[in-house]
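User: I've just opened this one and I'm new to it. Can you walk me through it, starting with a loop?

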Amino acid sequence: MKTLEYFEVVSTEPAGGELYRRIASTVITDHDLLRVLSRLRIYIDPEIPIFVAAGHTRSVPRNVIVRDFAGITYDGDKVVLSIADETYLAPLLQLLWERFGKDRILQPDRFTIEMHLEGHESEGLEEMVVADPTEGLFKDLIYTMQVICPEGFKVKKQSFQDGKFWFVASENTLPEDVMPLVDEQFSIMGVSV
């Protein structure tokens, strides 16, 4: 099992900080995020009150495209997709229906999709993005931070970009610009912003 390269929970109240370190460790493990997190620093100041989490993810899998899980056969205006992995079948069908219309998409069995397309319509079909793994990852990370942060901290801001994420929460109004707080946490971890 992978472990975090850097994991720290700091609080202006040391006893509370240690408690949150155990909570964070348990929640991260329970949500199976050790495989994607490489660095995480949490700062809690109950006086302000503020909760700041800044982290860095390991390399995330690239976008899933049609040719990753389906073979494509072209026969004139008929295009047949042979599905090798059903994991992405539902999102693929949704994308095809939106792009070409339901009336032009046939699914004779669960491993086959047939379409009647004009020549130019099938261009780029093999490279069509069906799933972006970072979307689910961001949701999982933010949900995890919501579970970890103190109860009652309902005012929140967050971001995920280029493998870096941050989550800031408070029970009061957040400062207009939370970035100095976030930048400080990344800087302490040795991660450039």
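**A first look**

Analyst: Sure. D32 has its place in the loop between helix 1 and strand 2. Helices (H or I, at least four residues) and strands (E, at least two) are DSSP runs, numbered from the N terminus.

User: Before we go on, what kind of model is this?

Analyst: It's a predicted model: local features need pLDDT of at least 70, side-chain atom pairs count only at pLDDT 80 or more, and totals for chains, interfaces and linings use all residues. Residues are numbered from 1 along each chain as its sequence is written, and side-chain values use heavy atoms, with hydrogens and water left out.

User: OK, back to D32. What is its phi?

Analyst: It's positive, about 55 degrees, although D32 is not a glycine. Most residues other than glycine have a negative phi, and most peptide bonds are trans.

User: And is D32 buried or exposed?

Analyst: In between: D32 has a relative accessible area of 44%, so it counts as partly exposed. Buried means under 20% relative accessible area and exposed over 50%, with partly exposed in between (1.4 Å probe, protein chains only).

User: Which other residue, not a glycine, has a positive phi?

Analyst: D162, with phi near 50 degrees. D162 is in the loop between strand 10 and strand 11, and those strands form a hairpin with two residues between them. D162 counts as exposed because its relative accessibility is 69%.

User: You said most peptide bonds are trans. Where is there a cis one?

Analyst: Between I48 and P49, where omega is about -15 degrees. P49 lies in the loop between strand 2 and strand 3.

User: Switching topic: what's the strand order in the sheet?

Analyst: It's an open sheet of five strands in the order 1-2-3-11-10, with mixed pairing. Strand 1 (6-11) and strand 10 (155-161) are the edge strands, each pairing on one side only. Here two strands pair if DSSP finds at least two bridges between them.

User: Which strands are parallel and which antiparallel?

Analyst: Strand 1 and strand 2 (residues 37-45) pair in the parallel sense over six bridges, with S11 standing opposite I44. Strand 3 and strand 11 run antiparallel and are joined by six bridges; there, A54 stands opposite W166. Strand 10 and strand 11 are antiparallel too, over seven bridges, and K156 has A169 as its bridge partner.

User: How covered is strand 11?

Analyst: Mostly: six of its seven residues are buried.

User: Which helices touch the sheet?

Analyst: Helix 1 (residues 14-30) packs on it, touching strand 1 and strand 2, and its direction makes about 145 degrees with that of strand 1. Helix 4 (residues 179-189) lies across strand 1, strand 2, strand 3 (50-57) and strand 11 (164-170), at about 50 degrees to strand 3. Axes are lines fitted to C-alpha atoms, for helices over the stretch in contact, and angles run from 0 to 180 degrees between N-to-C directions.

User: Show me a residue in helix 4. What is Q185 in contact with?

Analyst: Leaving aside neighbours within four places in sequence, Q185 is in contact with R41, Y43, V52 and A54. Contact means heavy atoms within 4.5 Å. Q185 is buried, since its relative accessible area is 2%. E184 is in helix 4 as well, but E184 is partly exposed at 44% relative accessibility.

User: What about the largest nonpolar core, which residues touch the most other members?

Analyst: I28, L40, I42, F51, I148 and F167, out of 27 residues. Helix 3 gives the largest share, five residues. A nonpolar core is a set of buried Ala, Val, Leu, Ile, Met, Phe, Trp, Tyr and Cys residues joined through side-chain atoms within 4.5 Å. There's also a second, separate core of 21 residues, including L81 and L125.

User: How do helix 1 and helix 3 cross?

Analyst: Their axes come within 9 Å and cross at roughly 145 degrees. The contact is made by Y20, I23, A24, V27 and I28 of helix 1 and T144, V147 and I148 of helix 3.

User: Last one: which domains are there?

Analyst: The domain assignment, which is automatic or from a database, gives domain 1 (6-61 + 133-189) and domain 2 (64-131). Their C-alpha centres lie 39 Å apart.
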